[in-house]
Amino acid sequence: MAVHVTVWDDRDRPAGDRTPTAPVAPVPPEAAAPALFIHNIFTWGSDPTYGFAGQRPLADSRRLLLMDRRGYGDSPDTSRSDFDVDAEDIVGMLGDGAFAGSPGGAHLVGHGNGAVAALIAAARRPGLVRSLALIQPSAFTAAAHHPVVASLLDRVRDGAVGVPDGVTPEQYLRASTEGLGMAMPEATPRRLRAVATSMRERPVWEADIPLEAIRGAALPTLVICGTWERAPVAYREHVGLPLMTVAESLTDSLAGRLLRVPGYYPHTQEPAVVNAALREFWG
């Protein structure tokens, strides 16, 4: 396996040892297909700050696979993170019987840039995917016909000169959080490695999102988006509005369901709401 995968499966743990969760109807073992999670920038699969630690309660009914994309978490270094490479890693994992090789495939959950990789992987091997859950997907090119997204793409393409020489990962993290009015997470070596990889990540505006192939596969799709009213103004205007537009556009394009969640990091700020939606979506 080219990447590290954290596996959570609490179905055999005594109830008293599990993370507290709301009562749910038991899922028959044959219906409990695994779920594969793909994270965004600055993070890794099991990260409590930006990753999927808040989704651990879902492991009481199925196996959760949390992929660390290359250069993140416990996966090997990479000279440049790339959504096409991530998509191939996802396909490889879905086809690996030791991980997600259950009959009918696995559920995919992607956040941000991870959702872009999930979309590409689903288009390449739809037979291995049971459903798509996209949390604030950064699939801007799939919604480029909308003025607010087109404006964002024009800005980033015109200014796409990369990170200036001499900027450290800690400086970049500070500018990307405190510089937009948000709290900066602790600059641990693990966090700074993730930021350094993000600084070298292939821009998502180069992604070709194969919507027609996904539509043709008729994959059940859930799109989860924040409402952004509590976000810092600059962050909401420059990032939030385009992301909300992408979420709405993908929902329409893929005949999916759109869930709006208070805040701007749905799965970490409102994990109970997101987890309940995922349980219902997976059935």
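These legends go with three close-up views of a predicted model. Local features need pLDDT of at least 70 and side-chain atom pairs count only at pLDDT 80 or more, while totals for chains, interfaces and linings use all residues. Residues are numbered from 1 along each chain as its sequence is written, and side-chain values use heavy atoms, with hydrogens and water left out.

**View A. Helix α1 against helix α2.** Here α1 (residues 83-94) packs on α2 (residues 113-124) at about 55 degrees, with the axes 8 Å apart. That makes the pair oblique (not under 35, over 145 or 65 to 115 degrees). Look for Phe83, Ile90 and Val91 among the α1 residues in the contact, and Val116, Ile120 and Arg124 among those of α2 (contact is heavy atoms within 4.5 Å). The residues of this contact split into nine nonpolar, no polar and four charged.

**View B. Helix α3 against helix α7.** The axes of α3 and α7 (residues 233-253) come within 9 Å and cross at roughly 130 degrees, so this pair is oblique too. On the α3 side sit Val148, Val149, Leu152 and Arg155, facing His238, Leu241, Pro242, Thr245 and Val246 of α7. By class that's six nonpolar, two polar and one charged.

**View C. Ala143 and its neighbours.** Ala143 lies in the loop between β5 (129-135) and α3 (147-158). Ala143 counts as buried because its relative accessibility is 1% (buried means under 20% relative accessible area, with a 1.4 Å probe and protein chains only). Leaving aside residues up to four places away in sequence, Ala143 touches Val149, Val246 and Ser249.

Technical notes
Helices (H or I, at least four residues) and strands (E, at least two) are DSSP runs, numbered from the N terminus. Buried means under 20% relative accessible area, exposed over 50%, partly exposed in between (1.4 Å probe, protein chains only). Axes are lines fitted to C-alpha atoms, for helices over the stretch in contact, and angles run from 0 to 180 degrees between N-to-C directions. Ala, Val, Leu, Ile, Met, Phe, Trp, Tyr, Cys and Pro count as nonpolar, Asp, Glu, Lys and Arg as charged, and the others, Gly among them, as polar.
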